[in-house]
Amino acid sequence: MKKPGRNDPCPCGSGKKYKQCCLLREGNNAVSAHSTEAPILQSIQEAIELHQAGNLSRAEAIYQKILQVEANHPDALHLLGVVSHQSGRNEIAVELIGKAIDVNPSMPSYYSNLGSALQALGKLDAAAESYRHAIALKPDYAEACYNLGTVFKDQGKLDEAIESYCKTLTIKPDYTEAYNNLGAALQDQGKLDEAVEHFHRALALKPDFVVAHNNLGTALQAQGRLEEAVASYRKSLALKPDYIEAHYNLGTVLQDQGRLDEAVEHCHKALALKPDFAEAHNSLGATLQAQGKLDEAVEHYYQALAIKPDYAGAYNNLLFLHAYHASLDPQ
């Protein structure tokens, strides 16, 4: 139907000209809609700035106020869900982001952030599906590809994880975390040379990448390059002195080198930071045993088993020590 001219009779039958009747109402409605929309857009922008600055509580309050005005505003629902995820309230995050997707199912970031909340809840299959949906909407979505790789890694699907990390790096060649995680997946497959190469690539991009220094150390240690491993662990601890895993790993490599006093020192440091670290208790026990301090070794093996009753390594060490004692005292 052709739109009437301004001076034509109004099609509503009022007898007035169109410009004096429905056109005027349409204009008023447009102004009213704009007057509602503009403050919401302004509020969303303000909340995003607070959110990005780390002020989650103030951002959350603004998102909630927007939803009081417009209950199904998709961006406010989504971003409130992101705040909930960042605050550890993942069930709420899944509900809110799910509502945002119901309103607007075309936003790849919604699916990616839903995946993050589902992954935090341990719902790995659902998380993978969300990441795949995000990638289907945006094939060059590097973060979603990377996150999908982390899900596959958690599921033990190393080939799929490696494929996802490689795709991430094709999209974003300077994605340092992807190099690190790719190295870890390759190491789990026993491909140590490739793992070392990718850890080095991560560190070339980000020299203060604490986790990559530690992971490089574990790969070098597995290759028998013990001095280089020690250097990597020490770099990690120079950047983060309370890094529990690096203290533990350094203790194990020092033990391998026969530097027992230093190994004991770093095992104790790991346990001071994490008293329920079963592997550190076991490693400390083995080091004390090598020093001839058998009673102390037994104590730490038992502590390891109290924390982790199915810990085969500690159980075997304890059995060996009991067998050794029995051989010394046949009666």
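These legends go with a set of close-up views of one predicted model.

**View 1. The whole chain, before zooming in: helices and no strands.**
The secondary structure here comes to 17 helices and zero strands. Of the 331 residues, 44% count as buried. Take the contacts between residues at least 6 apart in sequence, and 41% of them join residues at least 24 apart. Confidence averages a pLDDT of 88 over the chain, with 86% of the residues scoring at least 70. One stretch to treat with care is residues 18-36, where pLDDT stays under 50. The model still has 24 contacts beyond four places in sequence for that stretch. Where pLDDT is low, the predicted coordinates should not be read in detail.

**View 2. Tyr146 and Tyr165, an aromatic pair between two helices.**
The chain has three aromatic pairs in total. In this view, the rings of Tyr146 and Tyr165 sit 5.8 Å apart, centre to centre, with 45° between their planes, and that makes the pair tilted. Tyr146 belongs to helix H7 (residues 142-154) and Tyr165 to helix H8 (residues 158-171), so the pair ties together parts that are 19 residues apart in sequence. Tyr146 counts as buried, at 13% relative accessibility. Tyr165 is buried too, with a relative accessible area of 1%. Zoom out a little and there's a cluster: ring pairs link Tyr146, Tyr165 and Tyr175.

**View 3. Ser164, next along the chain to one of those rings, in helix H8.**
Ser164 has 9% relative accessibility and so counts as buried. What does Ser164 touch, leaving aside its neighbours within four places in sequence? The contacts are Cys145, Leu148, Gly149 and Phe152.

**View 4. Tyr248 and Phe277, another tilted aromatic pair.**
Centre to centre, these two rings are 5.0 Å apart, and the angle between the planes is 45°. Tyr248 sits in helix H13 (residues 244-256), while Phe277 is in the loop between helix H14 (260-273) and helix H15 (278-290). That puts the partners 29 residues apart, and the pair links distant parts of the chain. Both Tyr248 and Phe277 are buried.

**View 5. Ser283 in helix H15, with Tyr248 among its contacts.**
Is Ser283 buried or exposed? Its relative accessible area is 6%, so Ser283 is buried. If you skip residues up to four places away in sequence, Ser283 touches Tyr248, Thr252, Gln255 and Cys267. Tyr248 is the residue that pairs with Phe277 in the previous view.

**View 6. Helix H12, with its buried residues along one face.**
H12 runs over residues 226-239. At 1.5 Å a residue, its 14 residues should span 20 Å, and the end C-alpha atoms are indeed 20 Å apart. Its buried residues are Ala229, Val230, Ser232, Tyr233, Ser236 and Leu237. Look down the axis and they fall within an arc of 165°, so they line one face of the helix. Glu227 and Ala238, on the other side of H12, are exposed. And what covers the buried residues of H12? The cover includes helix H11 (210-222), H13 and H14.

**View 7. Tyr131 in helix H6, a ring with 0% relative accessible area.**
Helix H6 covers residues 124-137 and holds Tyr131. With a relative accessible area of 0%, Tyr131 is buried. Not counting residues up to four places away in sequence, Tyr131 touches Tyr111, Ser112, Gly115, Ser116, Gln119, Ala144, Asn147, Leu148 and Val151. Glu143 is 12 residues away along the chain, and the C-alpha atoms of Tyr131 and Glu143 are separated by 9.2 Å.

**View 8. Two lysines over tyrosine rings: Lys138 on Tyr141 and Lys308 on Tyr311.**
Lys138 is in the loop between H6 and H7. Lys138 lies over the face of Tyr141, at 4.9 Å from the ring centre. At 35% relative accessible area, Lys138 is partly exposed. Lys138 and Ser109 are 29 residues apart in sequence, and their C-alpha atoms are 9.1 Å apart in space. As for the second lysine, the charged end of Lys308 sits over the ring of Tyr311, 5.0 Å from its centre.

Conventions
Residues are numbered from 1 along each chain as its sequence is written. This is a predicted model: local features need pLDDT of at least 70, side-chain atom pairs count only at pLDDT 80 or more; totals for chains, interfaces and linings use all residues. Side-chain values use heavy atoms; hydrogens and water are left out. Rings of Phe, Tyr and Trp (its six-membered ring) pair if their centres lie within 6.5 Å; planes under 30 degrees apart count as stacked, over 60 as edge-to-face and the rest as tilted. Helices (H or I, at least four residues) and strands (E, at least two) are DSSP runs, numbered from the N terminus. Buried means under 20% relative accessible area, exposed over 50%, partly exposed in between (1.4 Å probe, protein chains only). A charge sits over a ring if NZ of Lys or CZ of Arg is within 6 Å of the ring centre and within 35 degrees of the ring normal. The expected span of a helix is 1.5 Å times one less than its number of residues. The arc is that of the directions from the helix axis to the C-beta atoms. Contact means heavy atoms within 4.5 Å. pLDDT is the predictor's confidence in each residue, from 0 to 100.
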